[in-house]
Amino acid sequence: MATESKIIFNELTLQNFKIFDQAKIVFSPKTLFIGKNGAGKTSILEAIKWVWYGKHISRNDIEIPSQFLINIDDVKNKDRVLSVSLEFSHNEEKYLIRRQIEIDDTQDIDDGIGSVNSYLRNLTEDQIKTEFSMKINDNSISDQEGEKKL
């Protein structure tokens, strides 16, 4: 009979990743992420994907450049290193994956707006339509949760 092989996440360490300055998350056998909108729940999952695969893919399968993942407030304070570490266990052995990038002064990340605009200019119309599901029509705005009149 084959033994069940599991990968178990033990600990995630974040430095300057999205909304997190410094954070360490220790996983238990059943870890839940609960919090208000903007608290960082999705950012934790994105950090795991980034450290595991080495790139960040949006919900609509578009690769997002790594410089968009760095905490913009830390960049303004001259801390330009983005780092994520994931410790996990597999078959009784412990492993550590660590990814780190340093954003240099030539990369466009001052406030995110200019870099987002230049990034958007490089997207095709179809990519923009699938990446941004929000639609504005006739003084109303709609997303997956429904329509609201403006």
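This is a walk through the fold, from the chain as a whole down to a few individual residues. Keep in mind that the model is predicted.

Start with the big picture. The protein chain has 150 residues, and 29% of them count as buried. Its secondary structure comes to 4 helices and 9 strands. Reading from the N terminus, the elements go β-β-α-β-β-α-β-β-α-α-β-β-β. If you take the contacts with a sequence separation of 6 or more, 52% of them join residues 24 or more positions apart. As for the outside, the accessible surface is about 10,900 Å², and carbon and sulfur atoms own 49% of that.

Now for the inside. In soluble globular proteins, nonpolar side chains tend to be buried together. Here, the largest nonpolar core has 18 residues, and L12, L14, F17 and V84 are the ones with the most contacts inside it. At least two core residues come from each of β1 (7-17), β2, α1 (41-53) and β5 (81-90). The top contributor is α1, which gives 5 residues to this core.

That makes α1 a good place to stop for a moment. The helix has 13 residues and stretches 19 Å from its first C-alpha to its last, close to the 18 Å expected at 1.5 Å a residue. Its buried residues are S43, I44, E46, A47, I48, W50 and V51. What sits over them? The cover includes β1, β2, β3 (56-57), β5 and β6 (93-102). Just after the helix comes G54, with a positive phi near 80 degrees.

To see how the helix meets a strand, look at F17. This residue lies in strand β1. F17 counts as buried because its relative accessibility is 0%, while the cut-off is under 20%. Leaving aside neighbours within four places in sequence, F17 is in contact with S43, E46, A47, W50, L69, L82 and V84. Among these, S43, E46, A47 and W50 also appear in the list of buried α1 residues. The C-alpha atoms of F17 and S43 are separated by 7.9 Å, though the two residues are 26 apart along the chain.

Stay in strand β1 and go back to N10, which is also placed there. Is N10 buried or exposed? At 16% relative accessibility, N10 counts as buried, since the cut-off is under 20%. Its side chain makes a polar contact with the side chain of S89, at 2.8 Å. Not counting residues up to four places away in sequence, N10 touches I25, V26, F27, E87, F88, S89 and K94.

Two of those neighbours, F27 and F88, lead to the aromatic rings. A pair of aromatic rings is described by the distance of the centres and the angle of the planes. The structure holds 6 aromatic pairs. One of them is F27 with F33, an edge-to-face pair with 6.4 Å centre to centre and 85 degrees between the planes. F27 is buried at 14% relative accessibility, whereas F33 is partly exposed with a relative accessible area of 30%. Then there is W52 with F88, a tilted pair at 5.0 Å centre to centre with 55 degrees between the planes. This pair links distant parts of the chain: W52 is in helix α1 and F88 in strand β5, 36 residues apart. W52 is partly exposed, with a relative accessible area of 28%, while F88 is buried at 9%. Zoom out a little and you find F9, F27, F33, W52, F88 and Y95 forming one aromatic cluster.

Finish with a residue that faces out. K24 lies in strand β2 (residues 20-26). Why does K24 count as exposed? Its relative accessible area is 55%, and exposed means over 50%, so K24 falls in that class. Leaving aside neighbours within four places in sequence, K24 is in contact with E11, L12 and T13. One of these, L12, is also among the residues with the most contacts inside the largest nonpolar core. Between the C-alpha atoms of K24 and S85 the separation is 9.3 Å, and the two residues are 61 apart along the chain.

How values were computed:
Residues numbered from 1 in each chain as written. Predicted model: local features only at pLDDT ≥ 70, side-chain atom pairs only at ≥ 80, totals over all residues. Heavy atoms only, no water. Buried < 20%, exposed > 50% of the residue type's maximum accessible area, 1.4 Å probe, protein only. Contact = heavy atoms within 4.5 Å. Areas by Shrake-Rupley, 256 points an atom, 1.4 Å probe, with all protein chains shown as cover. Core = buried A, V, L, I, M, F, W, Y, C linked by side-chain atoms within 4.5 Å. Expected span 1.5 Å × (residues − 1). Phe/Tyr/Trp six-rings, centres within 6.5 Å; stacked < 30°, edge-to-face > 60°. Polar contact = N/O pair within 3.5 Å; in protein donor to acceptor, adjacent residues only side chain to side chain.
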